[in-house]
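Please work through the following exercises with the sequence and the structure open beside you. Try each task before you read its solution.

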Amino acid sequence: MAEEEETAAPTEKVIRIQRVFINLLDSYSSGNIGKFLSNCVVGASLEEITEEEEEEDENKSTTLEASSTKVKEGTFQIVGTLSKPASPRPDFAVETYSAISREDLLMRLLECDVIIYNITESSQQVEEAIWAVSALNEEVSHFEKRKVFILLSTVMTWARSKALDPEDSEVPFTEEDYRRRKSHPNFLDHINAEKMVLKFGRKTRKFATYVVAAGLQYGAEGGMLHTFFKMAWLGEIPALPVFGDGTNVIPTIHVLDLAGVIQNVIDHTPKPHYLVAVDESVHTLEDIVKCISKNTGPGKIQKIPRENAYLTKDLTPVKICILGPPAVGKSSIAEELAKYYKLHHIQLKDVISEAIAKLETIVAPKDIGEGEEEVEEEEEEENVEDAQELLDGIKESMEQNAGQLDDQYIIRFMKEKLKSMPCRNQGYILDGFPKTYDQAKDLFNQEDEEEEDEVRGRMFPFDKLIIPEFVCALDASDEFLKERVINLPERIVAGTHYSQDRFLRALSNYRDINIEDETVFNYFDEIEIHPIHIDVGKLEDAQNRLAIKQLIKEIGEPRNYGLTDEEKAEEERKAAEERLAREAAEEAEREYQEAVEMAEKIARWEEWNKRLEEVKREERELLEAQSIPLRNYLMTYVMPTLIQGLNECCNVRPEDPVDFLAEYLFKNNPEAQ
């Protein structure tokens, strides 16, 4: 028995479990750290493992490890918060909390041996981390055993630190220099949190606090470098971008190495309470991107302005001009293209209304504050005078031209609109304007007249900032356009230019303008922007879907931020729900209409039957009324003798009963007797 007890002793497990709290377990950094710690054994980093033992451990099977390995320490139990209530609980976590009050969160923190607050991914967590360390510090007297608080911060709190040796900027900083650190302006809250955490750790031995300033994290399919790796792997660009000159040194650390650092802090509780966690290697941004490109991508890099660091997509504006006769479908096609390319749909009437409203706002009387400066008042008065003068000119122009505005004002307002920041950044779709060669020249020409004179004769100078990249020329026969307008519902035609007289006049005017040599399309041909001609009448598509599809093919893919996979799925789901709801509503409306029609049909049928019965009754009464005198006459003078004759005929049964009856009536006529 003693021998059996001795052999059984080595397989006994001495379990000591530590409960570890980590915030935002559903984020990249905290999730990987939590997963790493959940697979670690408490105190494992305290033991030195030889190479032979490491090889033996790798060769052992999982079953043998479970049965014979001597586990001296227990495991880490991971609990923590989630950034989104709908996020699923990670497999490695024992408990997760979301939308929890501060009081309940404090109770959960007091249950833990180690509290890790990661503020590298969300600056909103800084305030919660400060609250957590402050609340725990107030409860120190109730601690049954020592607790460890680790603030996972970022090396960006060192970004503006001055070099230790002005003559040699390559001398590296160490943990001992943390009091000399100066943060980037965007990370002032982070450095304040670091100071607060370190201050509370000096007061008592029951509450140990540490700050780990981590480098920029990478690895495990996420982090800073994953974007470059993804671009290289997909191979959609000829060269990986390097923002700026690429000479800036990037302090990095693999997220799992960072998790190992945290494990060591938990196990060792070192004397230094401020630790810097970065890779030993020193690499610039150009070195890193060049290595990724060489091993997984095209092998080339391209230096681009650092201002474009966040413009990883082609965000150049798409500028489109759609022209054509009335009723050809310009506005409907422009609306669909604006929605597809996320552009600004520009219509002449909207531009004029917007400009006039803006001028009226300027000239409207304002309350002047007491503290305003005289210079600002003078400038404002000048702006008001200019706006009022322009408004008066517009009013006079419209009075002289039967409500129409002169081209000089239209060109001015349209040019201001095209030069606005939204149109310059995202692009625009110009709907039905310009209509003539002169309007196009005045709208898109260079404002520098001297330069215009110099290049005249070669190519007409145009403003590259606002000139459209694509010109779509829609057309159809007059018969097709007239038929389309005739078939429009009255509610759409009423009060618009689609009324018969206005439409025919507009169509005739358009044909007259475009017969001449100098048409708006000639202008674009002259500056080498050749219009995309589409005959809408030949497509035989009332919804213009084929025309839109052809234009999208010519223009290309959108140059804008697209939807994520989740947003696309949500949009498809909403579209499906809307389609089902619309179909259900249409079906219900159809059934309702059928029921109404059936009820009306039954009511008409019943009314018709009722009237028919009434007519029959009236005819019957009329016949009866008309037959009373005749019946009385027959009953008085004919029927008595006739009945006697019929009876006698039945008794005698002559061979010729008709002749017999006639002779009987003649002989027995009461009047003859």
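The exercises below move from the whole chain to a sheet, a buried strand and a pair of helices.

**Exercise 1. The chain as a whole**

Task: State how many helices and strands there are in the chain, and what percentage of its residues count as buried.

Solution: Keep in mind from the start that this is a predicted model. Counting the elements of the chain gives 26 helices and 16 strands. Turning to burial, 34% of the 673 residues of the chain count as buried. As for contacts between residues at least 6 apart in sequence, 75% of them join residues at least 24 apart.

**Exercise 2. An open sheet**

Task: Work out in which order the strands of the five-stranded open sheet lie, and which strands form its edges.

Solution: Begin with the general idea that strands of a sheet pair through backbone hydrogen bonds, either parallel or antiparallel. In this open sheet the five strands follow the order 13-14-12-15-16, and the pairing is parallel. The edges are strand 13 (344-347) and strand 16 (532-535), each of which pairs on one side only. From one strand to the next, the twist averages 20°.

Next, look at individual pairs. Strand 12 (residues 318-323) is joined to strand 14 (residues 427-431) in the parallel sense over five bridges, and Ile320 has Ile429 in strand 14 as its bridge partner. Strand 15 (residues 470-475) runs parallel to strand 16, with four bridges between them, and here Ala473 has His533 in strand 16 as its bridge partner.

Finally, compare the two faces of strand 16: Ile532 and Ile534 make up the covered face, whereas His533 and Asp535 make up the uncovered one.

**Exercise 3. A covered strand**

Task: Decide how many residues of strand 5 are buried, and which residues point each way from the strand.

Solution: Strand 5 (residues 147-154) is mostly covered, since eight of its eight residues are buried. Sorting the residues by direction, Lys147, Phe149, Leu151 and Ser153 point one way, while Val148, Ile150, Leu152 and Thr154 point the other way, and all are buried. Strand 4 (residues 114-118) runs parallel to strand 5 and is joined to it by five bridges, with Val148 of strand 5 serving as the bridge partner of Val114.

**Exercise 4. Two helices that cross**

Task: Describe how helix 25 and helix 26 are placed: are they parallel or oblique to each other?

Solution: Two packed helices are described by the angle between their axes and the distance between the axes. For helix 25 (residues 639-652) and helix 26 (residues 657-667), the axes come within 9 Å and cross at roughly 135°. The two helices are therefore oblique to each other, and helix 25 passes helix 26 in a right-handed crossing.

Now find the residues that meet. Thr641, Leu642, Gln644, Gly645, Leu646, Glu648, Cys649 and Val652 in helix 25 face Pro657, Phe660, Leu661, Tyr664 and Leu665 in helix 26 across the contact. By class, this contact has nine nonpolar residues, three polar and one charged.

**Exercise 5. One residue in the contact**

Task: Find out whether Tyr664 is buried or exposed, and which residues it is in contact with beyond its sequence neighbours.

Solution: Tyr664 belongs to helix 26. Its relative accessible area is 17%, and because buried means under 20%, Tyr664 counts as buried. Once neighbours within four places in sequence are left aside, Tyr664 is in contact with Thr641, Gln644, Gly645 and Glu648. Along the chain, Tyr664 and Leu646 are 18 residues apart, and their C-alpha atoms are separated by 9.4 Å.

Terms used. Residues are numbered from 1 along each chain as its sequence is written. This is a predicted model: local features need pLDDT of at least 70, side-chain atom pairs count only at pLDDT 80 or more; totals for chains, interfaces and linings use all residues. Side-chain values use heavy atoms; hydrogens and water are left out. Axes are lines fitted to C-alpha atoms, for helices over the stretch in contact, and angles run from 0 to 180 degrees between N-to-C directions. Angles under 35 degrees count as roughly parallel, over 145 as roughly antiparallel, 65 to 115 as roughly perpendicular and the rest as oblique. A crossing is left-handed if the near helix is turned anticlockwise from the far one by less than a right angle, and right-handed if clockwise. Contact means heavy atoms within 4.5 Å. Ala, Val, Leu, Ile, Met, Phe, Trp, Tyr, Cys and Pro count as nonpolar, Asp, Glu, Lys and Arg as charged, and the others, Gly among them, as polar. Two strands pair if DSSP finds at least two bridges between them. Buried means under 20% relative accessible area, exposed over 50%, partly exposed in between (1.4 Å probe, protein chains only).
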